[in-house]
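Open the model in a viewer and keep the selection panel at hand. The tour below goes from stop to stop, saying what to select and what is found there.

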Amino acid sequence: MKGFKRENRLLSLCGLNCGLCTMYLGKYCPGCGGGEGNQPCAIARCSLQHPGVEYCWQCHSFPCEKYEGIDEYDSFITHRNRLEDMKRAETIGVEHYNEEQTEKSRHLEILLENYNDGRKKTLYCQAVNLLKLQDIRDVMKTLEGEDREGLFIKEKAKRAESLFLEKAGEREIELKLRRKPKK
């Protein structure tokens with residue numbers, strides 16, 4: 001979108017955790033303000049009318065009608081918890097929030113390189129996006145402690161999946177996209 005640029009590619013102005021999204025990781029989206037990838041974004045267009053607003057929570061109109069029901073359904077993984085994620089970034093500061101997201105991203109890279117049987121990318125992206133950082137650290141520590149030479153990738157992927165589903169269950173988090181019902 002002409003005139004729309006952002007430095008922070010991990011957290012968009014509307015609260016998406018771009019660095020943990022399969023679209024961003026697959027190079028299908030340049031992230032918020034990264035080029036041509038955000039043409040239809042009404043929130044990006046709105047931000048151009050509010051100079052000095054780097055994140056929506058900084059706008060005097062926030063939360064506006066664009067945020068009504070925003071966390072009810074997912075069009076893709078990082079849609080969930082945008083309001084909660086923005087509140088956390090505002091509370092702890094964007095720099096600290098980005099540090100957490102960067103650590104989550106490193107864990108995601110390890111999972112995709114060492115525990116992906118070709119069918120777990122979405123699950124890992126959801127788990128890393130939705131679980132708290134300490135929960136992810138706990139799962140990774142367990143996986144590292146159990147990692148033995150000679151295990152097939154399918155076995156490693158199954159164990160990682162099991163640990164993430166268990167941790168998500170403890171937190172009452174469903175690691176599935178919540179699709180909008182068809183009318």
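**Stop 1: a cis proline**

Select P63, which sits in the loop between helix 2 (42-48) and helix 3. The model is a predicted one. Show the backbone of F62 and P63: the peptide bond joining them is cis, and its omega is near -10°.

**Stop 2: helix 3 against helix 4**

Next, select helix 3 and helix 4 together. Their axes lie 6 Å apart and the packing angle is about 120°. That angle makes helix 3 oblique to helix 4. To see the contact, show D85, R88, A89 and I92 on the helix 3 side, and V94, H96, Y97 and E100 on the helix 4 side. Coloured by class, the residues of this contact come out as 4 nonpolar, 1 polar and 3 charged.

**Stop 3: helix 4 against helix 6**

Keep helix 4 (residues 94-114) and add helix 6 (residues 133-146); the two pack at an angle of about 30°, and their axes are 11 Å apart. Which way do helix 4 and helix 6 run relative to each other, parallel or antiparallel? At that angle, helix 4 is roughly parallel to helix 6, since angles under 35 degrees count as such. Their crossing is left-handed. On helix 4, the contact residues are E100, E103, K104, H107, I110 and L111, and on helix 6 they are L133, I136, R137, M140 and L143. This contact between helix 4 and helix 6 contains 6 nonpolar, 1 polar and 4 charged residues. E100 was also displayed at the previous stop, as part of the contact with helix 3.

**Stop 4: the second largest pocket**

Now select E84, D85, K104, L131 and K132, which lie nearest the centre of the second largest pocket and belong to a lining of 17 residues. The volume of this pocket is about 310 Å³. Two or more lining residues come from each of helix 3 (82-92), helix 4, helix 5 (121-130) and helix 6. Which element gives the largest share of the lining of the second largest pocket? Helix 4 does, with 4 residues. By class, the lining of the second largest pocket has 5 nonpolar, 4 polar and 8 charged residues. Two of the residues nearest the centre have appeared before: D85 in the contact of helix 3 with helix 4, and K104 in the contact of helix 4 with helix 6.

**Stop 5: helix 6 against helix 7**

Go back to helix 6 and add helix 7 (residues 153-170); here the angle is about 150° and the axes are 10 Å apart. Helix 6 and helix 7 are therefore roughly antiparallel to each other. The crossing of helix 6 with helix 7 is right-handed. Show D135, D138, V139, M140, T142, L143 and E146 of helix 6 with R159, A160, L163, F164 and K167 of helix 7 to display the contact. The residues making the contact of helix 6 with helix 7 divide into 6 nonpolar, 1 polar and 5 charged. M140 and L143 of helix 6 also take part in the contact with helix 4.

**Stop 6: a positive phi**

Finally, move to the segment after helix 7 and select E172. Its phi is near 55°, a positive value in a residue that is not glycine.

How values were computed
Residues numbered from 1 in each chain as written. Predicted model: local features only at pLDDT ≥ 70, side-chain atom pairs only at ≥ 80, totals over all residues. Heavy atoms only, no water. Axes fitted to C-alpha atoms, helices over the stretch in contact; angles between N-to-C directions. Parallel < 35°, antiparallel > 145°, perpendicular 65-115°, else oblique. Left-handed = near helix turned anticlockwise from the far one by under 90°. Contact = heavy atoms within 4.5 Å. Nonpolar A, V, L, I, M, F, W, Y, C, P; charged D, E, K, R; others polar. 1 Å grid on protein atoms, 1.4 Å probe; cavity = no way out; pocket = protein on both sides within 12 Å on 5 of 7 lines; lining within 4 Å. Points joined across faces, edges and corners; volume = space filled by probe spheres on them.
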